[in-house]
Every structure is written in C-alpha cells, then in structure tokens.
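User: Hi! I'm new to reading protein structures, and I'd like a close look at a single part of this one.

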Amino acid sequence: MKQFIEVEIQNGGKTLVNVDTICFLNTLKSGKVQIILTAPSANGSHFVNTNQSYEEIKALIQASL
C-alpha cells in the first residue's frame, strides 16, 4: 500500500504508519527505532516504538514511496 509502512511494535503486534505523518526516527539504546509522528496515532500517542532497526525502517519508507 503506497504511503504506508507496516511496522512491528514492541508488544509483538503490527501497525500501519502513514509515511506522510513521520516527523523523524529516533534510534533507542536498544538499537530499535521510535517513529515520531506529526499527528497522533490510533491510540493518541505521537510516537510508535518498533522492534525494527533504523535500516529496516528506512528501507520500508523508501519502498513505500
């Protein structure tokens, strides 16, 4: 689906993120990525903690465009 990426979130589930709402990526000490959003996600937060690395998220974003 164009403009969306499916990411693995910390609780083991998956969620879709609209790439137009991504403000920046924050690499955590664990090596995983926190996606900072310009608009609230479905649960009302402004970030999504993932189980994926920076390079994995970067590749997903590039493939979605």
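Which residue stands opposite Gln 34 in β4? Please also walk me through the surroundings of that strand.

Analyst: Happy to help! This is a predicted model, where local features need pLDDT of at least 70, side-chain atom pairs count only at pLDDT 80 or more, and totals for chains, interfaces and linings use all residues. Residues are numbered from 1 along each chain as its sequence is written, and side-chain values use heavy atoms, leaving out hydrogens and water.

The residue opposite Gln 34 is Asn 26. Strand β4 covers residues 33–37; strands (E, at least two residues) and helices (H or I, at least four) are DSSP runs, numbered from the N terminus. On one side, β4 meets β3 (residues 22–27), and the two run antiparallel, joined by 5 bridges. Strands count as paired if DSSP finds at least two bridges between them. β3 and β4 make a hairpin with 5 residues between them, and Gly 31 in that turn has a positive phi of about 90°.

β4 also pairs with β5 (residues 47–49), again in the antiparallel sense, over 3 bridges. There, Ile 36 stands opposite Phe 47.

Now for how covered β4 is: 5 of its 5 residues are buried, meaning under 20% relative accessible area with a 1.4 Å probe, counting protein chains only (exposed is over 50%, partly exposed in between). Val 33, Ile 35 and Leu 37 are buried on one face, and Gln 34 and Ile 36 on the other. Across the protein, buried residues make up 28% of the 65 residues.

Stepping back, the protein has 1 helix and 5 strands, in the order β-β-β-β-β-α along the sequence.
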